[in-house]
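Biologist: I'd like to learn how to read a protein model. Could you walk me through one, step by step?

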Amino acid sequence: MHQILQKPNYNILTDLQQELAFIEGGKVILREQDGFPQREIGEVKEDEATALQFFQDRFESLKEKVDKVQLQIETEDNKGSFLMKVLNLKESLSTFDGIGDFVALKERLEMLEKMLEDYISQNRKRNLEVKTTLIEEAKSYAANPDWREATEKLKELRQRWIRVGAVEEDKKEEVENTFQAIYDEFYEKKKAFHEAKKEMMAARENQYEALIDKAKKLHNDKIETEELAKKSNELVEEWKSLENIPKEKYALLLKEFKKYTQVGRKTGNSKNVKSHSKESHDKEKLTLIEELKAAQNLSPDEAIEKAKDIQQKWKNTGKTFNKSLNEEYFTLNDYIFEKGFLENLFERKAKKDLGEKEAVKFKMNILRDLISRDQRELNVFEENLEKFNLGTQKLDKMVGFKHEKQKRKLAVKQQIMDELRDLNKNLK
């Protein structure tokens, strides 16, 4: 803040007629001053002395206005807001009807104008620095995978942005557009994420409903009890392997599913069901694992169809107690379906003319959001894991299965991300 110069010490006019004004033909004439031409400012209504005093007093009232605005500039924080008042006062000098030293008053107002312009210029430079910092802060918030937290942070940041004053005029458009672009991109990504999540949940629910249709058909078919039990058990195992959906919807679907599967399973479980030997099961499953590995070389759609076919064969070979076989199978299976899901999202959301490197980067961005989502779901599941009071070994096992499944799917997505990173490094 520049120090305000002391106001000039104006001398009281003692000879108005000779120094600043004169009367001619009943008119009060203001003499020419530097930059101010001679002009008529009024007329004598009573006597000459009264007329001269009246216009001298008017000039003093103008000086008092200048005194007041100068005091406000010196004492108040929002100094830049007084610039327009100073400019208006300066502009009024050429037409103001009064007798006094207009040149000195103009110089005083120009001094205030220059001081305020310097003050505003420095302020706008500081504002640019502040807004540049807020832009970087907005970028960091927009990159937060927690959509709710990021949204709250960005809302609060926008209020802080509004409270910061203007920047230099030549920087204003660039700064405002940069800041707004961060918000536009964030909300577009947020919208796309929730749309994809909604579509994904709908697809998952369709899988559950498809199993209910199968169970209903199986229930209505007139087949042997043992065969009914076997196929019911297969449907139950497939049901357990499906992805999570909202618990309210899941409860409704599960109730419907149980109507068609529980009777056959209970009846059949009381019978001795003939099965293959453990060695025979494992051998068949090893063959299916090799087929699943080969399917990874197919196009995403072909690989998914092949994996679905292998899924059914895997269930038909019966259970295996070889944990490593199960882990390898489910990891390979998840890899194919996760990669297919990624490709599906890419096809729907990416521009058609992307180059290979840009396409890889776009897929990495999609996958980064999916990994963040899965990590949050896993964290919530693990936080609540100790709160479960299931009471039965069977339910404890089911919860454990779900936990392992979530961890495996997250690991598979991370594997795909690593592959994309390696591919990105090798592309020019």
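Modeller: We'll go from the whole chain to the strands, then to the rings and the cores. Keep in mind that this is a predicted model.

Biologist: Okay, starting with the whole chain: how many helices and strands are there?

Modeller: Count the elements to get your bearings. Here you have 13 helices and three strands.

Biologist: And what percentage of the residues is buried?

Modeller: Buried means under 20% relative accessible area. In this chain of 428 residues, 37% are buried. The accessible surface comes to about 26,800 Å², and carbon and sulfur atoms hold 50% of that.

Biologist: What share of the contacts links residues 24 or more positions apart?

Modeller: If you take the contacts with a separation of 6 or more, 73% are between residues 24 or more positions apart.

Biologist: Now the strands. Which strands does β2 pair with?

Modeller: Look for bridges. Strand β2 (residues 27-30) runs antiparallel to β1 (residues 21-24), with four bridges joining them. Another four bridges join β2 to β3 (residues 39-43), and that pairing is antiparallel too.

Biologist: Which residue stands opposite Lys-27 in β3?

Modeller: That's Glu-43. Over on the β1 side, Glu-24 stands opposite Lys-27. You can also find Ala-21, whose bridge partner in β2 is Leu-30.

Biologist: What happens in the hairpin of β1 and β2?

Modeller: Two residues sit between the strands, and Gly-25 takes a positive phi near 60°.

Biologist: And how should I picture side chains along a strand?

Modeller: In a regular strand, they alternate between the two faces of the sheet.

Biologist: Next, the rings. How many aromatic pairs are there?

Modeller: Two rings pair if their centres lie within 6.5 Å. That gives 15 aromatic pairs here. One of them is Phe-36 with Phe-102, a tilted pair with 5.8 Å centre to centre and 45° between the planes.

Biologist: Why does that pair tie together parts far along the sequence?

Modeller: Check where each ring lives. Phe-36 is in the loop between β2 and β3, while Phe-102 is in helix α4 (residues 102-142), so the pair ties together parts 66 residues apart in sequence. Phe-36 is buried, at a relative accessible area of 10%, and Phe-102 is buried as well, at 0%.

Biologist: Is the pair of Trp-161 and Phe-179 stacked or edge-to-face?

Modeller: Compare the planes: under 30 degrees apart counts as stacked. Trp-161 and Phe-179 are stacked, with 5° between the planes and 3.7 Å centre to centre. Trp-161 belongs to helix α5 (residues 147-163) and Phe-179 to helix α6 (residues 169-220), 18 residues apart. Both residues are buried.

Biologist: Which residues form an aromatic cluster?

Modeller: Trp-147, Phe-186, Tyr-187 and Phe-193 form one.

Biologist: Which charged ends sit over rings?

Modeller: Try Arg-39, whose charged end sits over the ring of Phe-102, 6.0 Å from its centre. Then there's Arg-158, with its charged end over the ring of Tyr-183, 4.1 Å from the centre.

Biologist: Last stop, the cores. Which residues have the most contacts inside the largest nonpolar core?

Modeller: A core is a set of buried nonpolar residues joined through their side chains. The largest one has 31 residues, and Ile-73, Ile-99 and Phe-102 have the most contacts inside it. Elements giving two or more residues to this core are β2, α2 (48-75), α3 (83-92) and α4. Helix α4 provides the largest share, ten residues. Apart from this core lies another, of 20 residues, including Ala-359, Ile-366, Leu-367 and Leu-410.

Definitions and conventions. Residues are numbered from 1 along each chain as its sequence is written. This is a predicted model: local features need pLDDT of at least 70, side-chain atom pairs count only at pLDDT 80 or more; totals for chains, interfaces and linings use all residues. Side-chain values use heavy atoms; hydrogens and water are left out. Buried means under 20% relative accessible area, exposed over 50%, partly exposed in between (1.4 Å probe, protein chains only). Contact means heavy atoms within 4.5 Å. Accessible areas come from the Shrake-Rupley method with a 1.4 Å probe; for residues, only the protein chains shown count as cover. Two strands pair if DSSP finds at least two bridges between them. Rings of Phe, Tyr and Trp (its six-membered ring) pair if their centres lie within 6.5 Å; planes under 30 degrees apart count as stacked, over 60 as edge-to-face and the rest as tilted. A charge sits over a ring if NZ of Lys or CZ of Arg is within 6 Å of the ring centre and within 35 degrees of the ring normal. A nonpolar core is a set of buried Ala, Val, Leu, Ile, Met, Phe, Trp, Tyr and Cys residues joined through side-chain atoms within 4.5 Å.
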